[in-house]
Amino acid sequence: MGKSTVGFIKFNVSLMNDYGLKVGETLVYGALVSFRNMSIQSNTKDEQGHVYAYPPISSIANITGQSERSVKSHIQVLEQKELMTVKRSYKKGSKEKNVNHYYLNTEVLKAYSSADAAALVKTTKVKNINTKETSKKTRQEVSIADAEIEKWFTHYQGEHNSNSAKKLNQLTEKYGSKTVVKAIHNAMENVNINTLLQGSTGLILSRLNYENLEDARLQLKNEKEKQEQFLNQPLPPKLDYTAGLKRKERERPKNNGIHITELLG
């Protein structure tokens, strides 16, 4: 086989720090880069002429030594970090999934791959930003705008980075702060954070989908209606706790003014 013109990804501190990659995510991304190189060698492209990788989840799991469930979770995180896009497909006339097509971000590949990666990181544009330091600074400037959302997202050990902040800010603009906070609570209900090997960030963000956000909005609406019904209920009649005492006082026999010594003889 001829040597790929793209080369294997050079995973260095810069790449992992810039994109907040964990070990498992790094391994999956590296595997996809390798499969993409194989596509280049075999001239595998889509109708638009774009190169893509198409390994089964099982193959990625075998190569990286991880479970298929973990691989799927890592792929979601890599999508959220905009390191690649995934075209999911199904077999014709069936709900059975077909092999996914993975399109890696070519700007990232140019900046962090090949033998000259160290030099390229300093000079190549990543996402149209002039240098690595500028890119890192720009990403750090993106923060979660709503304090209440930030409070609960980090409470559940969500990682506050530019990618999570970007998505949470977009959801806040569309659904409002209270709905997003409610959806975060729902997403982490009955979840033991200590059992999450890859952290809770990907789990929370993946569960903040249209269906769950609409459920959260409906829950808030129902809670508000119940509260209003309670506040609008008529007050119960005021009870006169002295009525019994007054009745007993009236029923007590009177001595008609006769002195007690007269009654005793």
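In this predicted model, Glu82 forms a salt bridge with Lys166, and the closest nitrogen and oxygen atoms of the pair lie 2.9 Å apart. The contact links distant parts of the chain, since Glu82 sits in the loop between helix 4 and strand 1 while Lys166 belongs to helix 9, and the two residues are 84 positions apart. Neither partner is counted as buried, because Glu82 has a relative accessible area of 33% and is therefore partly exposed, and Lys166, with a relative accessible area of 38%, is partly exposed as well. In general, side chains of opposite charge can pair when their charged atoms come close.

Glu82 also stands out for its backbone, as the residue has a positive phi of about 60 degrees although it is not a glycine. A positive phi is likewise found at Gln157, where the angle is about 65 degrees and the residue is again not a glycine. Gln157 lies in the loop between helix 8, which covers residues 147-155, and helix 9, which covers residues 162-175.

The loop between helix 8 and helix 9 is also the place of His160, a residue that counts as partly exposed because its relative accessible area is 31%. Along the chain His160 and Ile144 are 16 residues apart, and the distance between their C-alpha atoms is 7.6 Å.

The salt bridge between Glu82 and Lys166 belongs to a total of 4 salt bridges counted in the model. Another of these joins the side chains of Arg88 and Glu79, with a distance of 2.7 Å from nitrogen to oxygen. Arg88 is partly exposed, because its relative accessibility is 42%, and Glu79 is also partly exposed, with a relative accessible area of 24%.

A further salt bridge is formed by the side chains of Arg217 and Glu214, for which the distance from nitrogen to oxygen is 2.6 Å. Both residues are located in helix 12, which spans residues 210-231, and because they are 3 residues apart in this helix, they are separated by about one helical turn. As for their surroundings, Arg217 is partly exposed at a relative accessible area of 35%, and Glu214 is partly exposed at 25%.

Charged residues also appear together on the surface, where Lys246, Arg247, Lys248 and Arg250 gather in a patch of positive charge. Within this group, Arg247 is placed in helix 13, a helix that runs over residues 243-251. Arg247 has a relative accessible area of 42%, which means that the residue counts as partly exposed.

Attention can now turn from the charged residues to the interior. In soluble globular proteins, nonpolar side chains tend to be buried together. In the present model the largest nonpolar core has 24 residues, and those with the most contacts inside this core are Tyr29, Ile60, Ile75, Met84, Tyr102 and Leu104. Several elements contribute to the core, with at least two residues supplied by each of helix 2 (23-41), helix 3 (57-64), helix 4 (68-80), strand 1 (84-87), strand 2 (101-104) and helix 5 (106-112). Among these contributions, the largest share is that of helix 2, from which 6 residues of the core are drawn. A second core, separate from the one just described, has 19 residues, including Ala165, Leu168, Ala183 and Leu208.

A charged residue, Asp46, is found in the loop between helix 2 and helix 3. With a relative accessibility of 18%, Asp46 counts as buried, because buried residues are those under 20%. In sequence Asp46 and His101 are 55 residues apart, whereas in space the distance from one C-alpha atom to the other is 9.4 Å.

Note on methods: Residues numbered from 1 in each chain as written. Predicted model: local features only at pLDDT ≥ 70, side-chain atom pairs only at ≥ 80, totals over all residues. Heavy atoms only, no water. Patch = residues over 30% accessible without salt bridge, like charges linked within 9 Å, V, L, I, M, F, W, Y side chains within 5 Å. Areas by Shrake-Rupley, 256 points an atom, 1.4 Å probe, with all protein chains shown as cover. Lys, Arg positive; Asp, Glu negative; His and termini not counted. Charge placed at Lys NZ, Arg CZ, Asp CG, Glu CD. Helix = DSSP H or I, 4+ residues; strand = E, 2+ residues; numbered from the N terminus. Buried < 20%, exposed > 50% of the residue type's maximum accessible area, 1.4 Å probe, protein only. Core = buried A, V, L, I, M, F, W, Y, C linked by side-chain atoms within 4.5 Å.
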